[in-house]
Amino acid sequence: MHDVSITETVTTAARNAWALSFGAGIEPVDPTPSTVLWDEPHRLLRRYHTETSSATTDSAVLLVPPLAAPATCFDLRPDQSLARHLVRSGRAPYLVDYGEMSFADRRMGFEDWVTDILPEAILRASADRGGAPVDLVGWSIGGVFALLTAAANPELPIRSVTGVGPPLDYDKMIGIPQLRAVAGLTGGLAMTTAVRAAGGIPASLTRIAYRLAAIDRELARPLFVATNLAKTDTLAKMESIDRFQAAMPGYPGRFYGQLWGRFMLANDIGKGKIELRDRTIELADVRVPVLLVGGTADVITPKSAVEAGLRTLTGSPSVTYEIAPGSHLGILAGPDARDTTWTYLDKFLAERD
């Protein structure tokens with residue numbers, strides 16, 4: 001029996017090594033079944049469904065991704081999928097997908113999402129459920145999008161907002177003081193001039209930046225693969241992250257200019273308000289319950305930057321702040337997310353029911 005076990009292990013390791021190096025990968029992509037309800041540039045709306053397309057709750061849950069990250073963040077693989085979890089929980093999840101960003105999109109800014117793209121997605125998701133209220137669930141900047149949309153559009157049928165790792169105070173973000181010091185030498189012009197000339201931040205740079213933020217993982221990857229060659233599920237999880245990183249889109253020029261100037265340098269969001277063209281949006285105008293989740297090992301948005309929402313979301317009837325173990329993506333789709341973030345969300349939505 002021992003010899004058989006060794007043989008099986010060696011065979012599995014060889015098969016996995018081939019799949020990673022020359023084959024199609026460890027496991028095929030297996031997205032949660034869905035239907036596209038609306039398909040226009042930067043606002044594709046998808047409805048996830050079971051085989052019977054049934055749901056036991058009246059509300060809709062709209063998943064809101066950030067920019068510079070693929071919308072697959074909510075559906076990496078079957079056991080790393082918040083979308084699939086919501087379907088199995090009897091809820092009706094929807095997803096808005098912004099797609100790729102190009103030079104032609106360089107004039108798109110926060111206001112395009114907050115006053116146009118997301119309001120339309122919310123209304124369409126609500127209409128698809130017969131006028132049901134909508135629970136917004138945003139990851140990273142997607143959480144900021146959701147909160148600003150709720151604040152700016154009180155007439156929308158929004159029932160609640162959940163932010164998983166949203167950066168709500170850039171004074172708490174790692175590296176921001178150093179960036180401000182460098183920007184102070186030029187008044188921030190060097191960055192904004194370069195971004196405008198390029199029409200935004202290309203996808204290749206966002207992918208590099210994400211890898212640098214998780215440099216420990218990148219450096220340890222060869223050893224990790226070598227020591228886990230016979231562990232197919234472990235390698236499949238690694239592969240899903242690699243696939244996610246490889247699909248990262250870029251930032252439009254205007255959007256990144258706002259992110260750089262209003263968020264990173266001025267920290268408007270930490271002060272509770274953002275100026276967008278001809279209007280000012282205040283977080284205090286969010287009038288629905290809010291759930292915030294921060295990650296213990298999140299180096300992209302430290303949990304203290306998420307917790308800041310307790311101070312700025314003063315108009316909400318309730319702001320719940322929870323902590324989950326894991327990285328920025330890990331708190332959304334990592335191995336512990338099911339028992340932490342997803343459980344927090346289940347409880348939060350059940351309370352709204």
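This report walks through a predicted model of one protein chain, from its overall make-up to a handful of individual residues.

As the model is predicted, local features need pLDDT of at least 70 and side-chain atom pairs count only at pLDDT 80 or more, while totals for chains, interfaces and linings use all residues. Residues are numbered from 1 along each chain as its sequence is written, and side-chain values use heavy atoms, with hydrogens and water left out.

**The chain as a whole**

The chain holds 14 helices and 12 strands; these are DSSP runs numbered from the N terminus, with helices being H or I runs of at least four residues and strands E runs of at least two. Of its 353 residues, 51% count as buried. Here buried means under 20% relative accessible area, exposed means over 50%, and partly exposed lies in between (1.4 Å probe, protein chains only). The accessible surface comes to about 15,700 Å², and 57% of that belongs to carbon and sulfur atoms; the areas come from the Shrake-Rupley method with a 1.4 Å probe, and for residues only the protein chains shown count as cover. Among contacts (heavy atoms within 4.5 Å) with a separation of 6 or more, 78% join residues 24 or more positions apart.

**Two nonpolar cores**

In soluble globular proteins, nonpolar side chains tend to be buried together. A nonpolar core is a set of buried Ala, Val, Leu, Ile, Met, Phe, Trp, Tyr and Cys residues joined through side-chain atoms within 4.5 Å. The largest one in this chain has 60 residues, and Leu62, Tyr98, Phe145 and Leu259 have the most contacts inside it. Helix 4 (residues 141-152) gives this core its largest share, nine residues. A second, separate core has 30 residues, including Ala71, Val87, Val137 and Trp139. Back in the largest core, Leu259 touches Phe110, Ile141, Tyr170, Tyr251 and Met264, not counting residues up to four places away in sequence.

**Helix 3**

Phe110 also opens a good place to look next: helix 3 covers residues 110-128. Its 19 residues should span 27 Å at 1.5 Å a residue, and this agrees with the 26 Å between its end C-alpha atoms; the expected span is 1.5 Å times one less than the number of residues. The helix has a kink of about 30 degrees at Leu118, shortly before the proline Pro119. That bend is the angle between axes fitted to the seven residues ending there and the seven starting there. Both Leu118 and Pro119 are buried, as are other helix 3 residues including Phe110, Trp113, Val114, Ile117, Ala121 and Ile122. After helix 3 comes Gly130, with a positive phi near 75 degrees.

**Positive phi away from glycine**

Two residues other than glycine have a positive phi: His42, near 65 degrees, and Arg277, about 50 degrees. His42 lies in the loop between strand 1 (34-38) and strand 2 (44-48), and Arg277 in the loop between strand 9 (273-276) and strand 10 (279-282). Are they buried or exposed? His42 counts as buried because its relative accessibility is 13%, whereas Arg277, at 56%, counts as exposed.

**Three residues with polar side-chain contacts**

A polar contact is a pair of N or O atoms within 3.5 Å; within protein, one must be able to donate a hydrogen and the other to accept it, and residues adjacent in sequence count only if both atoms are side-chain atoms. The table lists some of them.

| Side chain | Partner | Distance |
|---|---|---|
| Arg77 | Asp79 side chain | 2.7 Å |
| Ser34 | Arg46 side chain | 3.0 Å |
| Ser316 | Val288 backbone oxygen | 2.8 Å |
| Ser316 | Ser318 backbone oxygen | 2.8 Å |

Arg77 sits in the loop between strand 3 (60-64) and helix 2 (82-88). It is an arginine that counts as buried, because its relative accessibility is 5%. Leaving aside neighbours within four places in sequence, Arg77 is in contact with Glu27, Asp233, Ala236, Lys237 and Ser240.

Ser34 belongs to strand 1 and is partly exposed, with a relative accessible area of 24%. Beyond four places in sequence, Ser34 is in contact with Arg46, Arg47, Tyr48 and His49. Ser34 and Tyr94 are 60 residues apart in sequence and 8.8 Å apart in space, C-alpha to C-alpha.

Ser316 is in the loop between helix 12 (309-312) and strand 12 (319-324), and its 11% relative accessibility makes it buried. Not counting residues up to four places away in sequence, Ser316 touches Val286, Val288, Pro289 and Val290.
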